[in-house]
Amino acid sequence: MTRPPPPGWYPDPAGGPAARWWDGQGWTEHLQQAPVQQAVSGPSLYDQPVLVVSQRTKLVELTNEYAVYDGQGQQVGAVVQVGQSTVRKAVRLLSSLDQFLTHHLEVRDARGPVLVLTRPAKLVRSRVVVQRPDGTTLGEIVQANVFGRIRFDLVVGDQVVGSIQAENWIAWDFAVLDAAGTEVARVTKKWEGLARTMFTTADRYVVLVHYRLPEPLASMVIASALTVDTALKQDERGLN
């Protein structure tokens with residue numbers, strides 16, 4: 001006859017994540033939660049003076065996905081479109097209507113999602129809501145004009161704390177300014193480092209952050225710079 005195991009913590013026979021106490025004769029009601037794993041450590045997007053944004057190459061582009069590298073070519077994050085249903089993917093495959101629908105994006109680094117961005121459905125002007133992963137709203141990126149050089153205001157509460165201004169859309173030159181009009185970052189393809197020949201199409205661009213910014217401006221600048229193509233850029237056929 002097989003003897004029962006000695007008293008101790010064992011995997012819960014009910015299939016739960018916690019361990020259950022076996023008293024030597026039977027299972028008790030005492031549970032021991034699994035130890036919490038330590039957060040993944042790694043480089044933060046907020047600490048990088050140079051961010052290289054590169055669209056993932058796909059045969060058919062049904063979901064926007066960008067890899068984000070530091071100035072030495074190490075991947076430090078990603079921008080990923082989330083919440084795409086099968087119907088939405090079919091719409092994107094068969095038509096150009098997807099540009100007018102609501103888009104959800106996550107900005108991620110080694111810690112996981114750091115920003116969640118929602119671009120509501122649009123007709124003329126784009127607007128992007130910037131939130132923390134816990135749902136806390138930081139602000140909005142609001143398209144300020146339709147004609148001429150496009151400008152997006154970075155709005156927190158009722159105040160404009162900065163802007164992103166297209167100096168030359170075709171050449172991919174965008175100045176990111178604070179509320180005083182001082183340039184704090186730049187989105188460009190004119191960078192002298194890390195295999196400059198990489199930056200020959202709009203699928204790759206560089207974000208130069210001039211210095212560490214206070215919150216919430218830092219998050220608003222990161223959000224606007226990393227999503228200038230996926231969430232902000234005008235439709236290539238001239239439709240906005």
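Which strands does H2 lie across, and at about what angle does H2 run to S10? I started my notes with that one.

**Ground rules.** I'm working from a predicted model, where local features need pLDDT of at least 70, side-chain atom pairs count only at pLDDT 80 or more, and totals for chains, interfaces and linings use all residues. Residues are numbered from 1 along each chain as its sequence is written, and side-chain values use heavy atoms, with hydrogens and water left out.

**Overview.** I get three helices and 15 strands for the chain; these are DSSP runs numbered from the N terminus, helices being H or I with at least four residues and strands E with at least two. Of the 240 residues, 46% count as buried (under 20% relative accessible area, with exposed over 50% and partly exposed in between; 1.4 Å probe, protein chains only).

**Small sheet.** I looked up S1, S2 and S3 and found an open antiparallel sheet in that order. Strand S1 (8-11) and strand S3 (27-32) are the edges, each pairing on one side only. Neighbouring strands here are turned by 40° against each other on average, direction ignored (axes are lines fitted to C-alpha atoms, for helices over the stretch in contact, and angles run from 0 to 180 degrees between N-to-C directions). S1 pairs with S2 (residues 19-22) over four bridges; two strands pair if DSSP finds at least two bridges between them. Trp9 stands opposite Trp21 in S2.

**Barrel.** I followed S4 through S15 and got a closed barrel of 12 strands, with antiparallel pairing. The twist averages 20° from one strand to the next. I checked one pair: S9 (residues 127-131) and S10 (residues 137-143) share five bridges, and Gln131 has Thr137 in S10 as its bridge partner.

**Back to H2.** My opening question gets its answer here: H2 lies across S4, S5, S6, S7, S8, S9, S10, S11, S12, S13, S14 and S15, and runs at about 45° to S10. Contact means heavy atoms within 4.5 Å. H2 covers residues 217-226, and 10 of its 10 residues are buried. Among them I noted Leu217, Met220, Val221 and Ile222.

**Just past H2.** Is Thr227 buried or exposed? Thr227 counts as buried because its relative accessibility is 0%. I place Thr227 in the loop between H2 and helix H3 (228-232). A polar atom of the Thr227 side chain lies 2.5 Å from the backbone oxygen of Ala223, and Ala223 is itself one of the buried residues in H2.

Methods:
Polar contact = N/O pair within 3.5 Å; in protein donor to acceptor, adjacent residues only side chain to side chain.
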